[in-house]
Amino acid sequence: MSETLLYPGTDWDFGTIQRIYDRVEQVAKGLKLDTYPNQIEVITAEQMLDAYSSIGMPLFYKHWSFGKQFAQNEVLYRKGLRGLAYELVINSSPCISYIMEENSATLQTLVIAHAAFGHNTFFKTNYLFKQWTDAEGILDYLEFAKAYIAQCEERYGQAAVEQLLDAAHALMSHGVHRYPRPRRPDLKTEERRAKERLEYQEQVFNDLWRTLPNAPAKSGPVLSEERRRALLELPQENILYFLEKSAPRLQPWQRELLRIVRLVAQYFYPQSQTKVMNEGCACWVHYKIMTQLHEEGSLNDGAFLEFLQSHTNVVYQPEFNDQHYNGINPYALGLGMMQDIERIVVDPTDEDREWFPDIAGKGDATGVLQDVWANYRDESFVSQFLSPRLIRQWRMFHLLDDSGQPELRVDAIHDEGGYRRIRRALARHYDVAWNDPDIQVVDVDLAGDRRLILQHSVLNGILLAENDTRQVLQHLADLWGYDVLLKEIDPSSNAVLKEHSASARSTFF
């Protein structure tokens with residue numbers, strides 16, 4: 001048992017941070033956490049605002065929208081209308097954790113436990129991050145991307161680069177592969193290949209070709225629709241990937257910029273599917289570590305009370321009729337489910353044994369949780385592990401809102417069938433297929449009019465927002481270089497519910 005406090009008051013220096021980190025690391029090893037090497041960076045409030053504006057990534061490329069976000073966040077922060085996160089953590093190897101210099105010594109201990117060991121172990125072990133991200137190569141690739149985009153601005157002009165990035169950013173949410181590919185993106189290989197492509201283009205470039213008159217187009221063999229779609233790998237859900245490979249009028253540097261935006265979007269793809277689990281894991285880890293530090297005498301009662309206040313603020317879940325209610329707090333639900341799983345493993349009830357026979361009474365809570373962190377995402381996590389006890393504790397019920405009915409209906413209450421319906425309904429809220437519109441490129445005749453045809457499979461009768469669709473479709477048409485048609489389809493009948501179209505602007509290139 002240690003009787004030496006890590007720090008006597010609220011102040012800290014870099015020696016204190018090192019002492020805190022070393023002790024937290026010892027406790028984390030006792031929990032058998034598997035993490036990347038850690039890198040701790042102390043930053044100011046302004047640097048944290050800057051990190052916010054560039055989606056939390058160091059070495060990120062420049063874009064006017066990041067400056068706009070910085071200005072908005074700064075105004076709100078200076079007026080006291082918005083606080084800042086205690087920390088920011090990057091899924092990389094080494095795992096980079098930014099901690100605020102304004103934090104007290106206790107908050108620094110908390111965020112090191114939360115980010116450097118909680119989020120870190122989730123990043124390294126969860127299957128989605130293993131499948132879709134390259135923690136070893138992301139920092140080098142971002143450094144290459146930033147330099148490459150700066151070179152493009154010098155060579156082709158800032159306006160041309162920003163115009164293309166504007167269009168790519170508008171399509172960023174449709175620039176990911178949602179289903180497993182043969183291999184995950186290897187960012188170091190991508191960086192090397194991009195440099196090789198650039199060097200080759202410079203070697204073979206000859207400006208004399210630009211002066212040659214245009215020859216009449218040669219008509220190629222007419223392909224069947226099925227053969228044409230097969231050659232273009234249609235249907236294709238990753239619109240940025242399709243544009244990068246097939247857009248007729250894009251220059252090589254523009255394709256490279258699309259590839260950069262696409263790889264960054266793919267890098268963040270797992271995070272949108274694991275918010276509840278990621279934060280729940282980090283909160284469970286920091287609570288375990290801080291509690292052990294207090295019990296062994298490394299933190300005094302005052303420091304532990306300060307921690308509890310910050311912890312409670314983070315995991316607080318307002319009631320549905322509270323003015324601050326904004327849906328389910330992922331920190332609260334994540335931690336609540338992690339602690340409930342721990343209870344089921346260590347001290348199960350008969351109900352727990354019936355609902356969770358594989359883990360009830362198993363005894364090794366940390367081992368079970370580590371298996372959960374590694375093999376689930378939010379949707380499957382909730383559908384598998386939300387217990388009747390937690391449903392009762394949170395007073396959950398399912399309210400059916402059917403536009404075809406004049407009144408709302410309580411569809412599930414606290415009985416066995418109700419628990420299962422509540423669990424399925426809540427899990428669906430975290431299902432990517434349920435939340436993101438299913439829009440795919442379905443056809444294009446490159447030998448004909450080159451009109452790009454997309455299809456939106458409408459879910460629950462919810463059509464796309466008219467104004468947003470018009471703007472995004474215009475960006476898509478500009479990148480494609482020709483007309484674009486988007487059909488909204490009822491999947492059950494294949495009936496066309498609505499059509500949207502856009503034509504490329506001649507000023508884009």
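## Exercises on a predicted chain

In this predicted model, Arg392 has a relative accessible area of 35% and is thus partly exposed. The exercises below begin with this residue.

### Exercise 1. A salt bridge of Arg392

Identify the residue with which Arg392 forms a salt bridge, and describe the setting of the pair.

Solution.
- Step 1. The residue is Glu351, and the closest N and O atoms of the pair are 3.0 Å apart.
- Step 2. Arg392 lies in helix H18 (residues 388-393) and Glu351 in helix H15 (residues 350-355). With their positions 41 residues apart in sequence, the pair links distant parts of the chain.
- Step 3. Glu351 has a relative accessible area of 23%, which lies between the cut-offs of 20% and 50%, so Glu351 is partly exposed. Arg392, at 35%, is likewise placed in the partly exposed class.

### Exercise 2. Two further pairs

Compare the places and the burial of the residues in the salt bridges Asp340 with Arg343 and Arg505 with Asp478.

Solution.
- Step 1. In the pair of Asp340 and Arg343, the closest N and O atoms are 2.9 Å apart. Both residues belong to helix H14, three residues apart, so about one helical turn separates them.
- Step 2. Asp340 and Arg343 are both buried.
- Step 3. Between Arg505 and Asp478, the N to O distance is 2.4 Å. Arg505 stands in the segment after strand S9 (495-502), whereas Asp478 stands in helix H21 (residues 466-480). They are 27 residues apart, and this pair links distant parts of the chain.
- Step 4. Arg505 is partly exposed, its relative accessible area being 39%. Asp478, in contrast, is buried, with 0% relative accessibility.
- Step 5. These pairs belong to a total of 16 salt bridges in the structure. The structure also holds a network of salt bridges that links Glu244, Lys245, Glu256, Arg259 and Arg262.

### Exercise 3. Ser97 and its contacts

State whether Ser97 is buried or exposed, and list the residues that Ser97 touches.

Solution.
- Step 1. Ser97 is located in strand S3 (residues 95-100).
- Step 2. Its relative accessible area is 1%, which is under 20%, so Ser97 counts as buried.
- Step 3. Leaving aside residues up to four places away in sequence, Ser97 touches Asn38, Gln39, Ile40, Glu41, Leu88, Val89, Ala115 and Ala116.

### Exercise 4. The cover of helix H16

Name the buried residues of helix H16 (residues 365-375) and elements that cover them.

Solution.
- Step 1. The buried residues are Ala365, Thr366, Val368, Leu369, Val372, Trp373 and Ala374.
- Step 2. Their cover includes helix H4 (105-125), helix H5 (127-132), helix H12 (275-295), H14 and helix H17 (378-385).
- Step 3. For the chain as a whole, 47% of the 509 residues count as buried. Of the contacts between residues at least 6 apart in sequence, 73% join residues at least 24 apart.

### Exercise 5. A nonpolar surface patch

Determine which residues form a nonpolar patch on the surface, and place Val410 within the secondary structure.

Solution.
- Step 1. The patch consists of Phe397, Leu399, Leu408, Val410 and Ile413, which together have about 480 Å² of accessible area.
- Step 2. Val410 is found in strand S5 (residues 409-412). With a relative accessible area of 48%, Val410 is partly exposed.
- Step 3. The accessible surface of the chain is about 26,400 Å², and 49% of this surface belongs to carbon and sulfur atoms.

### Exercise 6. Confidence along the chain

Establish which elements have the lowest and the highest mean pLDDT, and examine the stretches 79-84 and 215-220.

Solution.
- Step 1. The chain has a mean pLDDT of 85, and 83% of its residues reach 70 or more.
- Step 2. Helix H3 (residues 64-78) has the lowest mean among the elements, 49, and helix H14 (residues 330-346) the highest, 97.
- Step 3. In residues 79-84 the pLDDT is below 50, yet this stretch has 11 contacts beyond near neighbours in sequence in the model. Residues 215-220 also have pLDDT below 50, but this stretch has zero such contacts.
- Step 4. Where pLDDT is low, the predicted coordinates should not be read in detail.

Notes. Residues numbered from 1 in each chain as written. Predicted model: local features only at pLDDT ≥ 70, side-chain atom pairs only at ≥ 80, totals over all residues. Heavy atoms only, no water. pLDDT = per-residue confidence, 0-100. Helix = DSSP H or I, 4+ residues; strand = E, 2+ residues; numbered from the N terminus. Contact = heavy atoms within 4.5 Å. Salt bridge = Lys/Arg side-chain N within 4 Å of Asp/Glu carboxyl O. Buried < 20%, exposed > 50% of the residue type's maximum accessible area, 1.4 Å probe, protein only. Areas by Shrake-Rupley, 256 points an atom, 1.4 Å probe, with all protein chains shown as cover. Patch = residues over 30% accessible without salt bridge, like charges linked within 9 Å, V, L, I, M, F, W, Y side chains within 5 Å.
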